[in-house]
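This report concerns the arrangement of helices and strands in one protein model. Please consult the sequence and the coordinates while reading.

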Amino acid sequence: MEEILTYFPDLTDVQSHQLTMLGSLYREWNEKINVISRKDIDNLYVHHVLHSLSIAKVIHFKSGSAILDFGTGGGFPGIPLAILFPDCRFKLIDGTGKKIKVVNEISQAINLENVEAEHLRGEEEKEKFDFIVSRAVMPLSDMTKILRKNIRKEQHNALPNGIMTLKGGDLQEELRPFRKVAEVIPISDFFREEWFKEKNIIYLPL
């Protein structure tokens with residue numbers, strides 16, 4: 001939690017409490033259903049929670065915004081973002097039912113009322129959202145084909161509606177079709193931990 005408070009010093013007591021509870025809850029659930037690599041659970045706050053919250057350094061979602069977390073896995077980046085933006089609505093979907101069970105159990109345990117989690121593939125999602133967030137689920141071209149239908153036309157935020165996805169490594173080839181529109185934002189611009197080098201937020205307005 002120290003790293004979270006360093007970069008997000010204005011958290012309310014409720015937000016701090018919810019984020020603090022994630023540590024023990026994810027340890028407990030990870031013993032039953034493996035949603036985070038066993039060797040990585042000790043790095044939960046930097047590698048998963050803080051990584052998820054990097055999106056909040058790029059955009060402050062306006063109250064009433066609707067955000068889809070596509071391929072949420074164990075709830076990242078959706079759960080940390082939902083804690084940070086309690087006045088926004090988050091829908092977390094994943095094609096693996098047992099991961100959605102973990103998301104629902106953790107959301108309920110921390111009284112996270114702005115989250116809905118559903119066992120669903122992106123192709124099956126019918127709703128419209130202001131933004132779609134994800135964490136290295138699939139190549140951006142595939143993701144765009146599946147989810148373009150889910151972006152609202154009406155704009156509410158400072159940035160145009162679109163996709164924000166967390167990706168690392170060499171993205172040159174993947175981003176070639178989007179080079180005129182996609183923005184690559186290095187997470188190391190915001191966080192000094194070594195782990196964030198070569199990790200980026202890709203913002204694609206749609």
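The text below treats the sheet, then the helices that pack against other elements, and lastly one buried loop residue.

**The sheet**

The model is predicted. Its 7 strands form an open sheet with mixed pairing, in the order E3-E2-E1-E4-E5-E7-E6. E3 and strand E6 (183-186) are the edge strands, each pairing on one side only. From one strand to the next, the twist averages 20°.

Strand E1 (66-70) lies between E2 and E4 in this order. Because 5 of the 5 residues of E1 are buried, the strand is largely enclosed by the rest of the structure. Ala66, Leu68 and Phe70 point one way from E1, while Ile67 and Asp69 point the other way. E1 pairs with E2 in the parallel sense over 5 bridges, and Phe70 stands opposite Ile93 in E2. E2 in turn runs parallel to E3, to which 5 bridges join it. On that side, the bridge partner of Ile93 is Glu118 in E3. Ile93 is thus placed opposite Phe70 and is also bridged to Glu118. In general, strands of a sheet pair through backbone hydrogen bonds, either parallel or antiparallel.

Two helices are set against the sheet. H5 lies across E2 and E3, running at about 160° to E3. Helix H6 (residues 140-147) packs on the sheet and touches E1, strand E4 (131-135), strand E5 (162-168) and strand E7 (199-205). The direction of H6 makes about 155° with that of E5.

**Helices H2 and H5**

The table sets out the lengths of these two helices.

| Helix | Residues | Expected span | Distance between end C-alpha atoms |
|---|---|---|---|
| H5 | 13 residues | 18 Å | 19 Å |
| H2 | 20 residues | 28 Å | 30 Å |

For H5, the end-to-end distance agrees with the span expected at 1.5 Å a residue. The buried residues of H5 are Ile100, Val102, Val103, Ile106 and Ser107. Seen down the helix axis, they fall within an arc of 155°, so they line one face of H5. An α-helix has 3.6 residues a turn, so residues three or four places apart point the same way. Lys98 and Gln108, on the other side of H5, are exposed. The buried residues of H5 pack against helix H2 (13-32), helix H4 (78-84), strand E2 (89-94) and strand E3 (115-119). Just after H5, Asn111 takes a positive phi of about 55°.

For H2, the distance between the ends likewise agrees with expectation. H2 nevertheless has a kink of about 30°, centred on Leu22. Leu22 is one of the buried residues of H2, which also include Leu19, Leu25, Tyr26 and Trp29. Among the buried residues of H2 there are also Gln15, Gln18 and Asn30. The partners against which the buried residues of H2 pack are helix H1 (2-7), helix H3 (44-53), H4 and H5.

**Thr72**

Which residues does Thr72 contact, leaving aside its neighbours within four places in sequence? Thr72 is placed in the loop between E1 and H4. Its relative accessible area is 3%, and because buried means under 20%, Thr72 counts as buried. The contacts of Thr72, with those neighbours left aside, are Leu92, Ile93, Asp94, Ile100 and Val103. Of these contacts, Ile100 and Val103 are among the buried residues of H5, and Ile93 is the residue of E2 that stands opposite Phe70.

How values were computed
Residues numbered from 1 in each chain as written. Predicted model: local features only at pLDDT ≥ 70, side-chain atom pairs only at ≥ 80, totals over all residues. Heavy atoms only, no water. Helix = DSSP H or I, 4+ residues; strand = E, 2+ residues; numbered from the N terminus. Expected span 1.5 Å × (residues − 1). Buried < 20%, exposed > 50% of the residue type's maximum accessible area, 1.4 Å probe, protein only. Arc of directions from axis to C-beta. Contact = heavy atoms within 4.5 Å. Bend = angle between axes of the 7 residues up to and from the residue. Pairing = 2+ DSSP bridges. Axes fitted to C-alpha atoms, helices over the stretch in contact; angles between N-to-C directions.
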